[in-house]
Amino acid sequence: ASLAEGDLDGDLYFVCWDAALLASVRPRGASECKAAEEAERSEVDALAEAEKKVLRERNDIGKIYKAWEKMVDGSPEGMDNFDAKQLAAAYVQALDRGKHGGSIDLPEHLRKLVNLK
């Protein structure tokens, strides 16, 4: 069974037949309902965009880390490799970007390596 497009799976509802209480309730018109639905849709869209941003940031963090790992493993200099140091700094920036905003500073050849936009 359903009520107002919701399911009746054990939720509790308040039902009132008190005429004195119901006299103060005013039904909303269709235009008010549409405005409320549009506001809710706008909020849902904003949340979806925020979630996409978080996923992109996490993806960037992973790509930078993997590039750093590969660079360190493939270089005789290891962690002392200049590009590896730049990737390590970018990794920290990527972590901080999610909390504090900001950008990731990487030279163009490393941005291309990690496919960072």
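The predictor's confidence in each residue is given by pLDDT, on a scale from 0 to 100. The structure here is a predicted model, and its chain comes out with an average pLDDT of 85. A score of at least 70 is reached by 93% of the residues. Confidence varies from element to element: helix H4 (residues 108–114) has the highest mean pLDDT, at 94, while strand S1 (residues 2–3) sits at the other end with the lowest, 58.

Isoleucine 104 makes a handy way into the fold. This residue lies in the loop that runs between helix H3 (82–100) and H4. Despite the loop setting, isoleucine 104 has a relative accessible area of 7%, and it counts as buried because that value falls under the 20% cut-off. Once the neighbours within four places in sequence are set aside, the contacts of isoleucine 104 take in Ile64, Ala90, Gln93, Ala94, Arg97, Arg111 and Leu116. Valine 92 is 12 residues away from isoleucine 104 along the chain, and the C-alpha atoms of the two are 8.9 Å apart.

Then there is the core itself. The largest nonpolar core has 14 residues, and the members touching the most others are Ile64, Leu87, Ile104, Leu106, Val114 and Leu116. At least two residues of this core come from each of helix H2 (30–74), H3 and H4. The top contributor is H2, which puts in 5 residues. Two of the well-connected core members, Ile64 and Leu116, also turn up among the contacts of isoleucine 104.

Definitions and conventions: Residues numbered from 1 in each chain as written. Predicted model: local features only at pLDDT ≥ 70, side-chain atom pairs only at ≥ 80, totals over all residues. Heavy atoms only, no water. Helix = DSSP H or I, 4+ residues; strand = E, 2+ residues; numbered from the N terminus. Buried < 20%, exposed > 50% of the residue type's maximum accessible area, 1.4 Å probe, protein only. Contact = heavy atoms within 4.5 Å. Core = buried A, V, L, I, M, F, W, Y, C linked by side-chain atoms within 4.5 Å.
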